[in-house]
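This report describes selected features of one structure for a reader meeting it for the first time. The sequence and the structure are shown below.

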Amino acid sequence: MEILSPLLGDELASAVIEHRKRTVKKPLTAYAAKLQVKEYIKTGDPVAAAEMQILRGWQAIRADWYFNEIEKQKRNAPTSPPKPQSREEYIRDAIRRNNDDWEGSSDRRVNNLIKLAVAK
């Protein structure tokens, strides 16, 4: 606790120790805690790194693992939130998608359009 608390605060330090003890089943030694503090500091955001370690179920964390996860999150994040549409805009887009996906008869197109409109 004395090693992690100054950097992470009491609550998070306790959570990291508890995580190692219960989840990973490898209690944190004083030496391992010192090594972890060095890695937490390398990330530039020790609290976020410790929280990532717990959330991912990792026994420990290295700065490069942390940065790799941050990059992965950025790649997988949507570029912008979807713009809310009015009912008219949605129907117009549904008709356009239906025309783009047209595969046959007008009956099939109408059925596809109804399915798209009801799905919203």
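Asp-93 and Arg-92 form a salt bridge, their closest N and O atoms being 3.6 Å apart. In this predicted model, Asp-93 is buried, with a relative accessible area of 13%, whereas Arg-92 counts as exposed at 52% relative accessibility. In general, side chains of opposite charge can pair when their charged atoms come close.

A search of the whole structure finds seven salt bridges. The table lists some of these pairs.

| Pair | N to O distance | Relative accessible area |
|---|---|---|
| Asp-93 and Arg-92 | 3.6 Å | Asp-93 13%, Arg-92 52% |
| Arg-62 and Asp-64 | 3.4 Å | Arg-62 42%, Asp-64 38% |
| Glu-71 and Lys-74 | 3.8 Å | Glu-71 40%, Lys-74 56% |

Both partners of the pair Arg-62 and Asp-64 are partly exposed. In the pair from helix H5, Glu-71 is partly exposed and Lys-74 is exposed; these two residues lie three positions apart, about one turn of the helix. Salt bridges also link Arg-56, Glu-69 and Lys-72 in a network.

The interior may be approached through helix H4, which spans residues 46-56. The buried residues of H4 are Pro-46, Ala-49, Ala-50, Met-52 and Gln-53. Viewed down the axis of H4, these residues fall within an arc of 155 degrees, so they line one face of the helix. They pack against helix H1 (5-8), helix H2 (10-23), helix H3 (30-43) and helix H5 (63-76). Just after H4, Gly-57 adopts a positive phi of about 75 degrees.

The largest nonpolar core has 14 residues, of which Leu-4, Leu-8, Val-16, Tyr-40, Ala-50 and Ile-61 touch the most other members. Helices H2, H3 and H4 are the elements that give two or more residues to this core. In soluble globular proteins, nonpolar side chains tend to be buried together. Which residues does Tyr-40 contact, leaving aside its neighbours within four places in sequence? Its partners are Leu-4, Leu-7, Leu-8, Val-16, Asp-45, Pro-46, Ala-49, Ala-50, Gln-53 and Ile-61.

Nonpolar residues also occur at the surface. Val-110, Ile-114 and Val-118 form a nonpolar patch there, with about 280 Å² of accessible area together. Val-110 belongs to helix H7, residues 106-119, and is partly exposed, with a relative accessible area of 46%.

Conventions
Residues numbered from 1 in each chain as written. Predicted model: local features only at pLDDT ≥ 70, side-chain atom pairs only at ≥ 80, totals over all residues. Heavy atoms only, no water. Buried < 20%, exposed > 50% of the residue type's maximum accessible area, 1.4 Å probe, protein only. Helix = DSSP H or I, 4+ residues; strand = E, 2+ residues; numbered from the N terminus. Arc of directions from axis to C-beta. Contact = heavy atoms within 4.5 Å. Patch = residues over 30% accessible without salt bridge, like charges linked within 9 Å, V, L, I, M, F, W, Y side chains within 5 Å. Areas by Shrake-Rupley, 256 points an atom, 1.4 Å probe, with all protein chains shown as cover. Salt bridge = Lys/Arg side-chain N within 4 Å of Asp/Glu carboxyl O. Core = buried A, V, L, I, M, F, W, Y, C linked by side-chain atoms within 4.5 Å.
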